[in-house]
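Please work through the exercises below with the sequence and the coordinates open beside you. Each task is followed by a solution that goes step by step.

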Amino acid sequence: MNHPIENIMKTTLENIKDMIDVNTIIGDPMQTDDGSVIVPVSKVSFGFVAGGGEYGNPAPGTPTAADDTHRFPFAGGTSAGISLTPVAFLVASEDQMRVMPTQCNSPYDRIVDIVPQVLCEIKKFVEGLQQKECSTPGDNTNA
């Protein structure tokens, strides 16, 4: 025979399992007008507690056998707490994938996050200059 606390714990854990799934951690992708896709990433923390006991006088009409564990009335309860914190966004565009954290702990973190984007912009600028040089007609003067 199951103890009443087992039923309480089972019901609570099933409800927690229903609330937390992969879509809670990695959110649904959203597409922007420029074709980029943004995916939110979150951190989930949760706590769970259950307790109970048998209190008072024996319930009326219960057997008095020494091995009977349900002789006294049972009182119990459970509780759970969940915290959902956004930590970053994954941003995918045509030519790059970036992680955009929601919080930077220091200026150095922000610099490290920006370096790949700055290098990409410099590369595009240099490639643009090279294309202009190649497309500029040379001096065609006749002597």
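**Exercise 1. The largest pocket**

How much space lies in the largest pocket? Work out also which residues line the largest pocket, and which elements supply them.

Solution. Bear in mind from the outset that the model is predicted.

Step 1. The space in the largest pocket comes to about 170 Å³.

Step 2. The lining consists of Gln96, Met97, Arg98, Val99, Met100, Arg110, Val112, Asp113, Ile114, Pro116 and Gln117.

Step 3. When these residues are assigned to elements, strand 4 (97-101) and helix 3 (107-135) are each found to supply at least two of them, and helix 3 gives the largest share, namely six residues.

Step 4. Sorted by chemical character, the lining of the largest pocket holds six nonpolar, two polar and three charged residues.

**Exercise 2. The order of the elements and the sheet**

How many helices and strands are there in the protein chain, and in what pattern do they follow along the sequence? Describe then how the strands are arranged in the sheet.

Solution.

Step 1. The protein chain contains three helices and four strands, and reading along the sequence gives the pattern α-α-β-β-β-β-α.

Step 2. The four strands form an open sheet in the order 1-2-3-4, with antiparallel pairing. Strand 1 (30-31) and strand 4 are the edge strands, since each of them pairs on one side only.

**Exercise 3. Pairing, strand by strand**

Which residues stand opposite each other where the strands pair, as for Gln31 in strand 1 and its partner in strand 2? Go through the sheet from strand 1 to strand 4, in the order of the sheet.

Solution.

Step 1. Two bridges join strand 1 to strand 2 in the antiparallel sense, and Gln31 stands opposite Val37 of strand 2. These two strands form a hairpin with five residues between them, and Gly35 in the turn has a positive phi of about 95 degrees.

Step 2. Strand 2 (residues 37-54) pairs with strand 3 (residues 74-92) in the antiparallel sense over 18 bridges. Two positions can be looked up in the structure here: Gly51 stands opposite Gly77 in strand 3, and Phe48 has Ala80 in strand 3 as its bridge partner.

Step 3. Strand 3 and strand 4 run antiparallel and are joined by five bridges, and a hairpin of four residues leads from strand 3 to strand 4. In strand 4, Met100 is the bridge partner of Phe89, while Pro101 is the bridge partner of Ala88. Met100 is also one of the residues that line the largest pocket.

**Exercise 4. Two serines**

Why does Ser42 count as buried? Treat Ser36 in a similar way, and list the contacts of each serine with residues beyond four places away in sequence.

Solution.

Step 1. Ser42 is found in strand 2. Ser42 counts as buried because its relative accessible area is 16%, and the cut-off for buried is under 20%.

Step 2. Leaving out residues up to four places away in sequence, Ser42 touches Thr24, Ile25, Leu84, Thr85, Pro86 and Val87.

Step 3. Ser36 lies in the loop between strand 1 and strand 2, and its relative accessibility is 9%, so Ser36 is likewise counted as buried.

Step 4. With neighbours within four places in sequence set aside, Ser36 is in contact with Met30, Gln31, Ala92 and Ser93.

**Exercise 5. The chain as a whole**

What percentage of the residues in the protein chain is buried, and how much accessible surface does the protein chain have?

Solution.

Step 1. Of the 143 residues in the protein chain, 10% are buried.

Step 2. The accessible surface of the protein chain is about 11200 Å², and carbon and sulfur atoms account for 57% of that surface.

Step 3. Taking the contacts between residues at least 6 apart in sequence, 54% of them join residues at least 24 apart.

Key: Residues numbered from 1 in each chain as written. Predicted model: local features only at pLDDT ≥ 70, side-chain atom pairs only at ≥ 80, totals over all residues. Heavy atoms only, no water. 1 Å grid on protein atoms, 1.4 Å probe; cavity = no way out; pocket = protein on both sides within 12 Å on 5 of 7 lines; lining within 4 Å. Points joined across faces, edges and corners; volume = space filled by probe spheres on them. Nonpolar A, V, L, I, M, F, W, Y, C, P; charged D, E, K, R; others polar. Pairing = 2+ DSSP bridges. Buried < 20%, exposed > 50% of the residue type's maximum accessible area, 1.4 Å probe, protein only. Contact = heavy atoms within 4.5 Å. Areas by Shrake-Rupley, 256 points an atom, 1.4 Å probe, with all protein chains shown as cover.
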